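This report describes one protein chain, moving from its overall make-up to its cores and salt bridges. The sequence and structure come first.

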Amino acid sequence: MVSSNSALLYVNYPTQVLGKSCKPIPVMLLGVTVLRKRYPLTKYLCVLLIVLGVALFMYKPKNTGPGGDAHLFGYGELLLLLSLTLDGLTGVSQDHMRVSFQTGSNHMMLNINLWSSLFLGAGILLTGEVWDFLSFMERYPGILYNILLFSLTSALGQTFIFMTVVYFGPLTCSIITTTRKFFTILASVLLFSNPISSLQWGGTMLVFLGLGLDAKFGKGSKKSSH
């Protein structure tokens, strides 16, 4: 999360979302290389179709003319690459915990958030950002309601995320979290008649094709060697 949020200092939000839509790829690749998990070839095809479809749907061509942004790879992209690598390592750790120790969803969620709070708490103290936050709270006390509401909805959402990780695995969870971005935008297009390009319609068909193939052929054998 630190890498993802820091990337926003160098790239815009759509670029960050586009980069993070590739999350299933490092989760799968590191699962194969570290845990020696075996996925059927159809699973690789389905993940590739879904990621490519989401990328096409969210892609907005940059202005590369005079005064346009023509850089291809910078600090923001490096931070996104680091974030994706850490996503993959997180998926490997979660898979190892659920397979080797039968870790429950609530237990995993509690301990991950406790350790996250310790690391982030130390970070905001060392950087001094905690004082900026308290000053902001003093100037705008009404923000407390929004923070509490965000915390409640985030905790509720995390409950289902960790249940998905425990019962179906990190790869399935990463596919769900990737496609929900796509479905949110697609719903806004259908409900509010927002314009959609032919490229985005192509991405839409790829996502539905990938999901359909994954539902029918992507299960494969659940056996893995360690």
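The accessible surface of the chain comes to about 14,600 Å², and carbon and sulfur atoms account for 71% of that area. Accessible areas come from the Shrake-Rupley method with a 1.4 Å probe, and for residues only the protein chains shown count as cover. The model is predicted: local features need pLDDT of at least 70, side-chain atom pairs count only at pLDDT 80 or more, and totals for chains, interfaces and linings use all residues. Residues are numbered from 1 along each chain as its sequence is written, and side-chain values use heavy atoms, with hydrogens and water left out.

The chain has ten helices and zero strands; helices (H or I, at least four residues) and strands (E, at least two) are DSSP runs, numbered from the N terminus. Of the 226 residues, 31% are buried, where buried means under 20% relative accessible area, exposed over 50%, and partly exposed in between (1.4 Å probe, protein chains only). Taking contacts (heavy atoms within 4.5 Å) between residues at least 6 apart in sequence, 80% join residues at least 24 apart.

**Nonpolar cores and surface**

A nonpolar core is a set of buried Ala, Val, Leu, Ile, Met, Phe, Trp, Tyr and Cys residues joined through side-chain atoms within 4.5 Å. The largest such core has 15 residues, and Met28, Val47, Val54, Leu171, Ile175 and Phe182 have the most contacts inside it. At least two residues of this core come from each of helix 3 (24–34), helix 4 (41–58) and helix 9 (170–192). Helix 4 gives the most, with six residues. Beyond its neighbours within four places in sequence, Phe182 is in contact with Val54, Phe57, Met58, Thr204, Val207 and Phe208. A second, separate core of six residues includes Phe162, Val165, Val166 and Cys173. Cys173 is buried, at 7% relative accessible area, whereas Cys22 is partly exposed at 24%. The whole structure has zero disulfides (pairs of cysteine sulfur atoms within 2.5 Å).

On the surface, Leu9, Tyr10, Tyr75, Leu78 and Leu81 make a nonpolar patch of about 610 Å². Patches are made of residues with over 30% relative accessible area and no salt bridge; like charges are joined within 9 Å, and nonpolar side chains (Val, Leu, Ile, Met, Phe, Trp, Tyr) within 5 Å. Leu78, in helix 5 (residues 75–100), is partly exposed, with a relative accessible area of 44%.

**Salt bridges**

A salt bridge is a side-chain nitrogen of Lys or Arg within 4 Å of a carboxyl oxygen of Asp or Glu. The whole structure holds four, among them the three tabulated here.

| Pair | N to O distance |
|---|---|
| Lys20 and Asp87 | 2.4 Å |
| Lys43 and Asp214 | 2.8 Å |
| Arg98 and Asp95 | 2.7 Å |

Lys20 and Asp87 are both buried. Lys20 lies in helix 2 (residues 13–20) and Asp87 in helix 5, so their salt bridge ties together parts 67 residues apart in sequence.

Asp214 in helix 10 and Lys43 in helix 4 are 171 residues apart, and their pair links distant parts of the chain. Asp214 is buried at 12% relative accessible area, and Lys43 is buried at 8%. Also in helix 10 (residues 198–217) is Phe217, whose C-alpha is 6.4 Å from that of Thr42 although 175 residues separate the two in sequence.

Asp95 and Arg98 both lie in helix 5, three residues apart, about one turn of the helix. Asp95 is buried at 5% relative accessibility, while Arg98 is partly exposed at 21%. Salt bridges with shared partners join Lys37, Asp95 and Arg98 into one network.
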